[in-house]
Amino acid sequence: QVQLVESGGGFVQAGGSLRLSCAASGRTFSGYFMGWFRQAPGKEREFVTTIRWSGNTTYYGESVKGRFTISRDNAKNTVYLQMNSLKPEDTAVYYCAASTRPLGTIVARTGGAYDYWGQGTQVTVSS
């Protein structure tokens, strides 16, 4: 059984930074993707970013490009999301997700392509 555990959420003022972590256990994810999605109250789930477990392939949503950076530590089976220049509109519950299949460029941005999800961590950005 795969478990994804997020941490690092919290409250920050606009312009500040936070780093989220997602620790995976239960299997290795070599060759597949781990990503972040977010959902704000009353809104649909939104793709944030994803990273291939091996190699350098990353994808970002347009709203976070240039501000957020995804990275991984294979030895720790952990993915990180560094969030800089945070805006109030970044307020949401952030979810870590993992795929068990190879994903193409477009599919990797789709929540339905991911097989495992964390419980979510709240990020609140005040203006």
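Modeller: Two strands are taken as paired if DSSP finds at least two bridges between them, and it is on that footing that this predicted model is said to hold an open sheet of four antiparallel strands in the order β1-β3-β8-β7.

Biologist: What makes β3 and β8 a pair?

Modeller: Six bridges join β3, residues 18–25, to β8, residues 78–83, and because the rule asks for at least two, the two strands count as paired, running antiparallel; one of the partnerships sets leucine 18 against methionine 83 in β8.

Biologist: Why are β1 and β7 said to stand at the edges?

Modeller: β1 (3–7) and β7 (68–73) each have a single partner strand, so one side of each is left without a neighbour in the sheet. From one strand to the next, the twist averages 15°.

Biologist: How do you know that cysteine 22 and cysteine 96 are joined by a disulfide?

Modeller: Their sulfur atoms lie 2.0 Å apart, and because the cut-off is within 2.5 Å, the pair qualifies. The link ties cysteine 22 in strand β3 to cysteine 96 in strand β9, 74 residues apart, and is left-handed, with -80° about the S-S bond.

Biologist: Why is cysteine 22 called buried?

Modeller: Its relative accessible area is 0%, and buried means under 20%, so cysteine 22 meets the term; cysteine 96, with 0%, is buried as well.

Biologist: What makes serine 127 exposed rather than buried?

Modeller: Serine 127, in the segment after β11, has a relative accessible area of 86%, and because exposed means over 50%, the word applies. Leaving aside neighbours within four places in sequence, serine 127 is in contact with Ala14 and Pro88.

Note on methods:
Residues numbered from 1 in each chain as written. Predicted model: local features only at pLDDT ≥ 70, side-chain atom pairs only at ≥ 80, totals over all residues. Heavy atoms only, no water. Axes fitted to C-alpha atoms, helices over the stretch in contact; angles between N-to-C directions. Buried < 20%, exposed > 50% of the residue type's maximum accessible area, 1.4 Å probe, protein only. Contact = heavy atoms within 4.5 Å.
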